[in-house]
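Load the model in your viewer and keep the sequence panel open beside it. We'll go from whole chains down to single residues and then back out to the contact between the chains.

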Amino acid sequence: MTPPPPADAAVLSTRSLLAGEGHRGGTLPSWAPWGALGGALVFCAAALAALGWFTIALTLVFGALIGIVAVYAWSRAVEGARRAKDRAITMAIASAFAVAMAPLISLLYEVVRRGVQGLSWEFFTSDARGVVGGGGAEHAIVGTLVIAGCAALISVPIGIMAAIYLNEYGRGPLRRALTFFVDVMTGIPSIVAGLFAYALFELFFGPGIQMGIMGSVALSVLMIPIVIRSAEEVLKIVPNHLREASYALGTPKWKTIAKVVLPTAFAGLVTGVMIAIARIVGETAPLLVTTGVVDSLNANPFQGRMQNLAVYAYNEYRSPGVMKQASYDRAWAAALTLIAIVMILNVIARLVYRRYKTETR
Amino acid sequence: MAHFDTTTNAGQILAAASGGRRRRGDRIFSNAAVVAAVTILALLVGVAVFLVTEGFPALTASSSELPKGESFISYVAPLAFGTCLAGVLAMIIAVPLAIAVALFITHIAPARIAMTLGYLVDLLAAIPSIIYGLWGIFVLGPAAVPVMKWLEEKLGFLPIFEGPASITGRTMLVVGLVLAVMILPIVSAVAREVFSQTPRKLQEGAQALGATRWEMIRTTVLPFGKSSVISGAMLGLGRALGETMAVAIILSVSGGVTFNLISQANPSTIAANVALNFPESSGLAINALIATGLVLFAITLATNFIARMIIARSEVR
């Protein structure tokens, strides 16, 4: 086994990572897990390089495995079997967390790296009508905002009223049924929501119909349960003494809800709606079925096909045309724009919550 | 707040008691709430009804009229198989990881950074599925090619690694990995919730008896969270079964039924099949796709139903 490197500042913080004291014979120094891990990584890098198989992924995988085994053996010799097992499993769980985070880091890195290459002024300010192997994504950006906006217009009133029902009025079988089926509804696959919207509009408008509003209806099916869930949570934490104080003043129930409960919960409601929009704005499958693919700008949700960023990205990947790389670049640029929209919505949601949060205690 | 409206006087109370203007306001508001509640239930019923109506022509049509010239059952069966294979594979990969992630956040990481780590995991859920698809085909797939080659050489005697290993990385294994990443935040959110609710007295009791942290987790936290983790896994499975774009982009499809995870020839999934074929379909082919959607709806509904039942039962306890 390689000798562990000396302790440094970062290593000292591991004291909190270690299990409670409980001595059995000796105790490993507090830097032992990090030291062993570092030693194992250096050892693996050197060994793999010597064999000519060096890659970062292999080094990390073997380094973590050898580090865990080393700490186990070391701890078993000094502290006994039970503490050794505790240390090994703690390190394994921490490594599993690192494994779970690796895709997130890789994904964000790749989207930014590849997406930046396709970004340009043209990407945001022109559509792709009549352009062979080029053009921008203005139509897709506008379409994304219109479709998601209409979905929010449908979902927010229904969702918040339903949450008010659940929290303020509901009792008996209807309440129980609604609670249960809202949970079930969160599990509807997005493609099924799209097929539902298509089937609904086909009955009235005939086969082959594709419009922006159909996409909004499909997205509403996905968005309503998210809105209800979050609205119900924030209505639940509005303290009852506020309601009672209002009733004591003779205020009718509906006015109590409209003027006391909703304003108190306002920040939480807005946050929930923002996060719900962020969740549906990147949906692809239901829009592929309902709003279709089109190259030119269309901002009217009630007429004709409408492009959006997710479907745009998919289409640029799927049918790249002659200039393959340029097309892939545009797909990544659309992905980057989409992630940016999602992140902005999430950040706004948190800011609103911090800024307007009412103390509820 | 309108001050004058909230002050009380005898007249208003009388009006309220005798069903005057105020009662009307209450009635309208509560009716609106009930209407919203009923709308949602109607929507759910509507999803089922419209899928049945539009899918029905395909269910009754003769084999020769359907897209591939075979009966609907033999059309949908391999797709349902592919759907379940991808979903179960994703669940097998994601659930242990999700439990580890939840344990790490609730019991191992310093409390100071635990919240931030929670946000990071939630971020995984915020990323649109189309981006997972692009990442899978351009990044993870190519990176997995040498690994799959190695699996074929060393573990080729197992049917699941039979090969021949794909050279593009568009395999069921890669799809399973990507789906696992996508459902990880769902499963770990449920697990986190229940792990952090483990009664303190149980945990402290275990440690007072001299248990190490792992022994405490194994004897108190894991048994306490077991049923919730199972239902969380079912929720994750439901999501994986219905995931569309990542599968449609990554998977190279041939249509057969096989457990071979690393080859170029894979069964498609219901959702991906709809996304791939819908834009070019018309007539009865559309009805057939809607009917497969109905099958998917039934499968995910059953999965979610079971998950919610488990949660509801454990909440009563």
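Helices here are DSSP runs of H or I with at least four residues, strands are runs of E with at least two, and both are numbered from the N terminus. With that in hand, and keeping in mind that this is a predicted model, start at the N terminus of chain A: its elements run α-α-α-α-α-α-α-α-α-α-α-α-α-α. That makes 14 helices and zero strands.

How does chain A fill space? Its C-alpha trace spans about 75 × 70 × 35 Å along the principal axes. A compact globule of 361 residues would have a radius of gyration near 21 Å, but chain A comes out at 28 Å. Even so, 48% of the 361 residues of chain A count as buried. Look at the contacts in chain A between residues at least 6 apart in sequence, and 72% of them join residues at least 24 apart.

The domain split is worth a look next. Chain A is divided into domain 1, residues 9-117, and domain 2, residues 127-356. The C-alpha centres of these two domains of chain A lie 41 Å apart. Five residues of domain 1 of chain A are in contact with six residues of domain 2 of chain A. On the domain 1 side, those residues are two nonpolar, two polar and one charged.

Now zoom in on domain 1 of chain A and find helix α3, residues 56-79, which is where Val69(A) lies. This helix α3(A) has 24 residues and reaches 33 Å from its first C-alpha to its last, close to the 34 Å expected at 1.5 Å a residue. Among its buried residues are Gly63(A), Ala64(A), Ile66(A), Gly67(A), Ile68(A), Ala70(A) and Val71(A). Buried residues of α3(A) pack against α2 (32-51) and α4 of chain A. What about Val69(A) itself, buried or partly exposed? Val69(A) has 15 C-beta neighbours inside 10 Å, so it counts as partly exposed; the cut-off for buried is 20 or more. For a sense of distance, Val69(A) and Ser126(A) are 57 residues apart in sequence and 58 Å apart in space, C-alpha to C-alpha. Right after α3(A) comes Gly80(A), with a positive phi near 100°.

Compare that with a spot in domain 2. Ala218(A) has its place in helix α9 of chain A, residues 212-236. Ala218(A) counts as buried because it has 31 C-beta neighbours inside 10 Å. Which residues does Ala218(A) touch, leaving out those up to four places away in sequence? They are Ala193(A), Gly194(A), Phe196(A), Ala197(A), Pro286(A) and Thr290(A). Val192(A) is 26 residues from Ala218(A) in sequence, and the two C-alpha atoms are 8.7 Å apart.

Stay in chain A and move along to helix α11, residues 253-281. A straight helix of 29 residues would span 42 Å at 1.5 Å a residue, yet α11(A) spans only 36 Å between its end C-alpha atoms. Check the backbone at Phe266(A), where α11(A) bends by about 60°. As for its surroundings, 21 of the 29 residues of α11(A) are buried, so this helix is largely enclosed by the rest of the structure.

Over to chain B, which has 12 helices and zero strands. The C-alpha atoms of chain B fill a box of roughly 85 × 65 × 35 Å along the principal axes. A compact globule of 317 residues would have a radius of gyration near 20 Å, whereas chain B has 26 Å. Buried residues make up 47% of the 317 in chain B. Of the contacts in chain B with a separation of 6 or more, 79% come from residues 24 or more positions apart. Chain B is divided as well, into domain 1 (3-46) and domain 2 (72-316), and 45 Å separate the C-alpha centres of these two domains of chain B.

Finally, put the two chains back together. How many residues of each chain meet? 83 residues of chain A are in contact with 77 residues of chain B. Helix α4 of chain A, residues 81-118, supplies the largest share of the chain A side, 19 residues. By class, that side of chain A has 58 nonpolar, 15 polar and 10 charged residues.

Methods:
Residues numbered from 1 in each chain as written. Chains lettered and ligands numbered in written order. Predicted model: local features only at pLDDT ≥ 70, side-chain atom pairs only at ≥ 80, totals over all residues. Contact = placed C-beta atoms within 7 Å. Nonpolar A, V, L, I, M, F, W, Y, C, P; charged D, E, K, R; others polar. Expected span 1.5 Å × (residues − 1). Bend = angle between axes of the 7 residues up to and from the residue. Buried ≥ 20, exposed ≤ 12 C-beta atoms within 10 Å, placed from the backbone. Rg over C-alpha atoms; globule rule 2.2 N^0.38 Å. Domains from an automatic or database assignment.
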